[in-house]
Amino acid sequence: MLALENVHTYYGKSHILHGVSIEVGPGEVVGLLGRNGVGKSTTLKTIMGLVRPSGGSVRFEGRDIAGMAPHRPAHLGIAYVPEERRIFRLLSVLENLRTGLDRPGVSESRKNELLENAYEHFPVLRDRRNQAGGTLSGGEQQMLAIARAMMLDPKIILLDEPTEGLMPRMVSQIREIIHVLHRGGVAILLVEQNVPLTLEVSSRVYIMEKGVVRHHGPTADLRANQAVIHQYLGV
Amino acid sequence: MAIPFDQILIQTVNGLVNGMILALVASGLTLIFGIMDIVNFAHGELVMLGGFTGATALAVTGSFWLALVAAVLTIALLGALLQATALRPLVGRDPLTTILATFGISLVLQKYALWQWGPSARKLQEPITGQFNLFYLEYPWYRVLTALLAAGIIGALYLFLRYGKYGIWIRAATQDRIMAQAMGIPVPLVHAVVFGIGASMAAASGVLFGPLGGVTQTMGADFTLRAFIVVVVGGMGNLGGSILASILISLIEAYASLVVSPAQAVIASFVVLILTQLFRPTGLFVPTPK
Amino acid sequence: MTTRSSAAGYWIGFGVVLALLAVAPLVLPEFWRRFVTEILVWGLLAMSSDILIGYTGMVSFGHSAFFGLGMYGAAAALLTVRPPNLWLAIVYGLVGAGLVAVFVAYFSTRLRDIYFAITTLVFSQIFYVIIFTWTEVTGGENGLTFRQPPFAIPGLVSVPFTPVTLHWFILGVVVVSYVVLRRIMQSPFGKVLQAIRENEPRTRAIGYHVERYKIVAVMLSGLFAGLAGVLYAVQNKFTAPDFVFFLISGEVVIFNVMGGMGTLVGPVAGAAFFLVLREGLSRFWTEYYLIPVGLIFTAMVIFMPQGLLGFLKRRLNQ
């Protein structure tokens with residue numbers, strides 16, 4: 001469904017991605033592991049069209065999306081939960097959610113359905129729907145960021161370190177929602193530092209180092225191969 | 001020298017009316033700045049073009065209100081076009097480049113107006129001619145209507161931004177352009193529309209001002225300067241602040257013109273600007289940042 | 001290309017241009033001789049504003065105030081002191097421009113970007129209104145006319161200017177100003193100004209007293225702009241409020257953008273380009289010449305931010 005092939009990306013003059021190839025099938029949960037600064041986040045930004053790749057191709061359902069306007073991927077069904085969460089701080093919780101709902105071609109009843117669905121999984125958002133996004137706690141903001149992505153009715157969600165800095169109780173809530181999304185048939189590309197969580201929820205895993213994919217295979221193989229984990233992730 | 005009380009009261013009314021027209025100009029300017037970080041040096045020229053377009057439309061249709069609508073729509077389109085062609089390439093560059101680019105645009109617009117409408121002033125015929133007694137003066141109802149209309153348009157802008165889908169889009173794009181795009185909001189389109197709205201508010205001020213002061217091709221610079229003063233005094237990008245500052249500045253100028261010539265009264269507003277920058281650089285009507 | 005040969009190339013180019021400018025009044029007809037002299041004066045004004053726009057990253061929309069006060073300062077000296085004295089005119093002009101510069105410098109320490117631009121604009125308008133309305137002293141709308149002072153070195157010579165010697169005198173002042181400014185901008189002081197342009201917070205964090213540098217930059221810029229005003233007054237033998245009006249400031253900004261900011265010579269080239277463009281276009285377009293000029297200017301901001309000079313340099317290096 002989503003396929004990156006030999007993608008090269010630059011920030012200014014620094015070469016960040018040196019030919020990354022990644023594939024995610026429909027409904028599949030795929031982990032992307034690696035230390036800080038190896039290009040995981042840049043990979044997601046490249047998929048979203050927020051940075052332009054200088055070479056290679058990014059395809060979604062067979063269409064080349066690399067050169068598209070940055071607001072187009074969302075309409076095709078790619079949702080993005082960035083590392084810094086990037087809540088619209090001065091918008092209320094409900095307005096944050098509506099940024100993803102008010103697209104052309106979504107009926108009122110479907111909008112309500114999506115909202116109710118999100119409120120069901122994150123009841124705290126219902127309670128705080130009229131509160132400014134910036135006033136939420138870190139964990140609540142992460143919930144909101146994921147709920148906001150769900151408003152796009154996506155085929156795939158790109159999750160960038162969703163558990164970073166969260167309390168264990170929040171982490172298990174994130175784990176829970178990943179399972180829910182997976183059961184609902186949504187594919188997930190999960191960037192994480194949390195290796196146990198990633199190995200638990202993903203079916204396949206890519207490991208990156210210095211802008212290239214060093215290892216990739218089914219999660220089961222990786223679990224059996226602790227040496228690889230140690231070599232690239234230092235755990 | 002004692003100034004009679006009735007004169008002070010008349011100047012108060014004048015100051016309020018002028019203040020509301022200025023507030024309408026400044027709201028458009030502050031909207032464009034708050035949302036896109038663009039300092040629009042051509043804003044006064046849009047007021048002027050609005051006035052001339054209104055004058056032409058009035059001559060053709062004979063209706064002031066139709067002329068107002070025509071001018072607003074024409075200048076909104078022009079504004080959106082300017083944003084899409086000249087300003088979009090500058091997104092992400094040094095903010096100084098937008099000052100320079102809009103300055104260049106202002107030169108073109110002003111001379112275009114001179115070419116199209118000539119150097120003489122056009123006075124628009126006011127749509128209502130009634131008057132009421134304000135002491136020894138017959139005060140025109142039109143002036144009061146102008147203030148109310150300006151307030152109405154600004155109120156509509158506020159509601160538009162506060163509620164409704166496009167208001168959310170605009171505010172989301174202001175706070176985080178990148179994330180707004182990732183949520184599927186067409187930010188370049190939003191920017192063009194916002195510039196169009198700001199331009200159309202300038203045009204409305206130009207038409208409303210037409211019967212009061214007349215429209216000349218040189219009026220733009222004056223409006224630009226005064227709107228800038230107001231926006232800085234009120235706090236950059238702060239809608240409520242600009243409105244209060246417009247009224248404050250206009251009242252001060254109105255009172256000052258009781259004692260000195262109108263040309264010198266302008267200096268009063270300059271002094272307010274300079275004092276504000278000295279003591280409250282974030283603006284008079286903004287809570288002091290903690 | 002090695003740095004040594006490029007430095008040699010620079011001085012050869014400098015010498016050639018200087019020689020051409022020196023010979024120009026001898027071969028050009030009256031009209032164009034005046035024209036070239038005016039380019040030099042406007043070029044000096046543009047160069048002075050480049051210190052702020054190009055080197056420190058502060059767009060001044062108030063350079064007309066420095067220029068205008070330089071003119072009125074010179075006028076004061078030439079009208080009150082008999083016989084008219086050139087050097088006194090320069091001193092008075094510099095004092096006038098310097099006083100304005102003190103005001104502006106005081107504010108510029110705390111203002112950035114658009115706030116600086118608006119405040120300089122407002123300052124110049126204040127001086128414009130004062131000069132325009134204070135008719136008894138400034139002549140109001142009509143301005144002041146006066147006699148041209150002779151070129152004099154006390155105790156040695158005193159000869160009236162001819163158009164050719166006046167051109168040489170102005171050329172000399174502009175060239176000395178250029179060499180001085182270039183030296184200053186290449187000094188550690190100039191480097192700090194450029195650091196402020198690139199990243200003001202970082203420059204402050206390193207420990208530079210940014211405010212002081214900005215004050216000096218504004219003073220420097222204002223004084224050289226005032227000098228240009230004095231030269232213009234001496235050349236034209238009159239002064240008027242129009243020269244304090246912000247349209248002049250706008251033109252100065254145009255000179256900078258067209259020629260290339262942050263190069264000192266760029267703005268001079270920009271002034272020449274603009275004046276030639278105006279001369280050529282206004283023959284067909286009269287005052288509408290600003291329509292095409294404005295379009296060219298805007299296009300240059302977007303597509304050629306390094307200006308004519310930067311553009312040519314890049315072409316030559318390819």
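Of the two pairs of chains in contact in this predicted model, chains B and C are the pair that share the most contacts. Chain A and chain C, by contrast, do not touch, and their nearest C-alpha atoms lie 16 Å apart.

**The interface of chain A and chain B**

The contact between chain A and chain B draws 20 residues from chain A and 18 residues from chain B. Together the two chains bury about 1,900 Å², of which 64% is on carbon and sulfur atoms. On the side of chain A, the residues that lose the most area to chain B are A:His71, A:Arg86 and A:Phe88, which together account for 29% of what that side buries.

A:Arg86 also takes part in a salt bridge, its side chain meeting that of B:Asp176 at 2.8 Å, N to O. Across this interface there are three salt bridges, and five residue pairs are in polar contact, with both residues of each pair at pLDDT 80 or more. Helix H2 (72–76) and helix H3 (93–101) of chain A each supply at least two residues of the side of chain A that touches chain B, and the largest share of that side, four residues, comes from H3(A). Sorted by class, the side of chain A that touches chain B consists of 10 nonpolar, four polar and six charged residues.

**Salt bridges within the chains**

Over all chains the structure holds 24 salt bridges, and the table sets out some that lie within a chain.

| Residue pair | Closest N to O distance |
|---|---|
| A:Glu108 and A:Lys111 | 3.4 Å |
| A:Glu209 and A:Arg214 | 3.1 Å |
| C:Glu200 and C:Arg204 | 2.8 Å |

A:Glu108 and A:Lys111 both belong to helix H4 (residues 108–121) of chain A, where they are three residues apart, about one turn of the helix. Their surroundings can be described through accessibility: A:Glu108 is exposed, with a relative accessible area of 55%, whereas A:Lys111 is buried, with a relative accessible area of 14%. The pair is also part of a network of salt bridges that links A:Arg98, A:Asp102, A:Glu108 and A:Lys111.

In chain C, C:Glu200 and C:Arg204 are four residues apart in helix H9 (residues 200–206), and therefore separated by about one helical turn. C:Glu200 is buried, at a relative accessible area of 8%, while C:Arg204 is partly exposed, at 36%. In the bridge between A:Glu209 and A:Arg214, A:Arg214 likewise counts as partly exposed, with 42% relative accessibility.

**Strand pairing in chain A**

Strand S4 (residues 53–60) of chain A is joined by six bridges to strand S1 (residues 2–11) of chain A, and the two strands run antiparallel. Within this pairing, A:Thr9 has A:Pro53 of S4(A) as its bridge partner.

S4(A) also pairs in the antiparallel sense with strand S5 (residues 63–64) of chain A, over two bridges, and here A:Arg59 stands opposite A:Asp64 in S5(A). The hairpin that S4(A) and S5(A) form has two residues between the strands, and in this hairpin A:Glu61 adopts a positive phi near 50 degrees.

Definitions and conventions. Residues numbered from 1 in each chain as written. Chains lettered and ligands numbered in written order. Predicted model: local features only at pLDDT ≥ 70, side-chain atom pairs only at ≥ 80, totals over all residues. Heavy atoms only, no water. Contact = heavy atoms within 4.5 Å. Buried area = accessible area lost by both parts, 1.4 Å probe. Salt bridge = Lys/Arg side-chain N within 4 Å of Asp/Glu carboxyl O. Polar contact = N/O pair within 3.5 Å; in protein donor to acceptor, adjacent residues only side chain to side chain. Nonpolar A, V, L, I, M, F, W, Y, C, P; charged D, E, K, R; others polar. Buried < 20%, exposed > 50% of the residue type's maximum accessible area, 1.4 Å probe, protein only. Pairing = 2+ DSSP bridges.
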